[in-house]
Amino acid sequence: MNIKLIAIGKTDNKSLQTLIDDYTKRLSFYIKFDLEIIPDIKNVKNLSESQQKEKEGELILSKITPTDQLILLDENGKTFNSVAFSAELQKKMNSGIKTLVFVIGGPYGFSDTVYAKANGKISLSLMTFSHQMVRLFFIEQLYRGFTILRNEPYHHQ
């Protein structure tokens with residue numbers, strides 16, 4: 001199985017980007033992983049919130065194939081602890097999915113079209129985090145999930 005994380009807008013903070021790169025490299029020892037960044041939409045000041053979500057939605061859906069399993073990182077999604085998330089990853093791998101795609105939406109979330117196409121939603125927390133930090137937190141949780149599945153000494157109960 002391959003895992004792809006799609007996010008909108010580049011990471012401005014160099015320290016965060018260094019950590020994202022570190023966990024991306026660590027994750028590569030367990031699974032093929034790609035972080036795909038969709039550039040910020042130009043002239044968003046001239047767009048309504050729904051127009052911005054629609055434009056971002058079109059860009060997100062252009063990065064997905066019909067066989068991809070699409071999971072949205074959404075504040076209203078299902079929550080997992082790290083062990084349960086690792087079990088969910090194992091379940092996805094066992095089901096024969098070729099590519100599992102996770103998406104971090106833009107500042108206003110997702111368009112209705114993206115929600116309609118999604119196979120599920122997960123939430124990292126009830127708290128709100130910057131979209132740049134969520135990238136790091138999520139990639140770290142993927143890494144943690146694989147270390148749990150391999151019984152490696154990264155995660156402590």
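L142 is in contact with I3, L27, F33, F85, L89 and F102, leaving aside its neighbours within four places in sequence. The model is predicted.

L142 also ranks among the residues with the most contacts inside the largest nonpolar core. The others named there are I3, L27, F102 and F138. This core has 25 residues. Several elements each supply at least two of them: strand 1 (2–8), helix 1 (14–27), strand 3 (69–79), helix 3 (82–94), strand 4 (99–104) and helix 5. Helix 5 gives the most, with seven residues. A second core is separate and has eleven residues. Among them are I64, L72, V103 and F110.

Now to the annotated site. An unreviewed UniProt entry lists L73, G105, L124, S125, L126, M127, T128 and F129 under "binding site". The lining of the largest pocket takes in L73, G105, L124, S125, L126, M127, T128 and F129 from that set.

Two of these positions can be set side by side.

| Residue | Location | Relative accessible area |
|---|---|---|
| M127 | loop between strand 5 (120–123) and helix 5 (131–149) | 61% |
| F129 | loop between strand 5 and helix 5 | 29% |

Which of the words buried, partly exposed or exposed fits M127? M127 counts as exposed, because its 61% relative accessibility is over the 50% cut-off. F129 has 29%, so F129 is partly exposed. Which residues does F129 touch, leaving aside its neighbours within four places in sequence? F129 is in contact with V134 and F137.

Notes
Residues numbered from 1 in each chain as written. Predicted model: local features only at pLDDT ≥ 70, side-chain atom pairs only at ≥ 80, totals over all residues. Heavy atoms only, no water. UniProt positions renumbered as here; feature names shortened; annotations may be inferred. 1 Å grid on protein atoms, 1.4 Å probe; cavity = no way out; pocket = protein on both sides within 12 Å on 5 of 7 lines; lining within 4 Å. Helix = DSSP H or I, 4+ residues; strand = E, 2+ residues; numbered from the N terminus. Buried < 20%, exposed > 50% of the residue type's maximum accessible area, 1.4 Å probe, protein only. Contact = heavy atoms within 4.5 Å. Core = buried A, V, L, I, M, F, W, Y, C linked by side-chain atoms within 4.5 Å.
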